[in-house]
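This report covers the sheets, the nonpolar core and two loop residues of one protein chain.

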Amino acid sequence: MLIVENVKKTAEFYRDKLGFAIDFVFEKNDEDSVPFACVRKDSYAVYFESYPSFNKDYENFVDVKVKCGIYFKVDDVDALYEELKQRDVSFVWTPTTQAYGNRDMKILDNNGYQILFGTDVENK
């Protein structure tokens, strides 16, 4: 689950830029409900929760910092790159064969999370 400022805008980014389908967006409709969303692509699901609910859950903890990224294994990172270029995605790096045995690429989503997509080199 990624903690985000606006769950609806984030779900729309993943749909419009990365080709995910929006599974659901639950927007706050009373003071006890939590803005929450889920997007899906192939066998992957990514969930988003709003900062206010996250902050409330961790209000008694000191220095909780959320810094993370998601790494998706895909069948063909180069084909996905071509698809994402058509959606005007900005890349941190384009498909590159790495020393650790994957060919991968990195983007930042609309919240600044690292999103990596990679293919095993031997499967390429």
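## Asp42 and Asp88

Asp42 sits in the loop between S3 and S4; helices (H or I, at least four residues) and strands (E, at least two) are DSSP runs, numbered from the N terminus. Phi of Asp42 is near 55 degrees, a positive value in a residue other than glycine. Because its relative accessibility is 74%, Asp42 counts as exposed (buried is under 20% relative accessible area, exposed over 50%, partly exposed in between, with a 1.4 Å probe and protein chains only).

Asp88 lies in the loop between H3 and strand S6 (91-97). Asp88 is not a glycine either, yet has a positive phi of about 60 degrees. With 59% relative accessibility, Asp88 counts as exposed.

## Basis of the model

This is a predicted model, in which local features need pLDDT of at least 70 and side-chain atom pairs count only at pLDDT 80 or more, while totals for chains, interfaces and linings use all residues. Residues are numbered from 1 along each chain as its sequence is written, and side-chain values use heavy atoms, with hydrogens and water left out.

## Two open sheets

One open sheet has four strands in the order S1-S4-S3-S2, with mixed pairing; two strands pair if DSSP finds at least two bridges between them. S1 and strand S2 (21-26) are at the edges with a single partner strand each, so one side of each has no neighbour in the sheet. The twist averages 20 degrees from one strand to the next (axes are lines fitted to C-alpha atoms, for helices over the stretch in contact, and angles run from 0 to 180 degrees between N-to-C directions). Five bridges pair S2 with S3 in the antiparallel sense, and Ile22 stands opposite Val39 in S3. H1 lies across S1, S2, S3 and S4, and runs at about 175 degrees to S2.

Four strands also form an open sheet in the order S5-S8-S7-S6, again with mixed pairing. Its edge strands, S5 and S6, each pair on one side only. Here the twist averages 15 degrees from one strand to the next. S7 and S8 run antiparallel and are joined by seven bridges; Met105 has Phe117 in S8 as its bridge partner.

## Nonpolar core

The largest nonpolar core (buried Ala, Val, Leu, Ile, Met, Phe, Trp, Tyr and Cys residues joined through side-chain atoms within 4.5 Å) has 25 residues. Those with the most contacts inside it include Leu18 and Phe117. H1 gives the most to this core, with five residues.

Leu18 touches Phe13, Lys41, Leu84, Arg87, Val89 and Ile107, not counting residues up to four places away in sequence; contact means heavy atoms within 4.5 Å.
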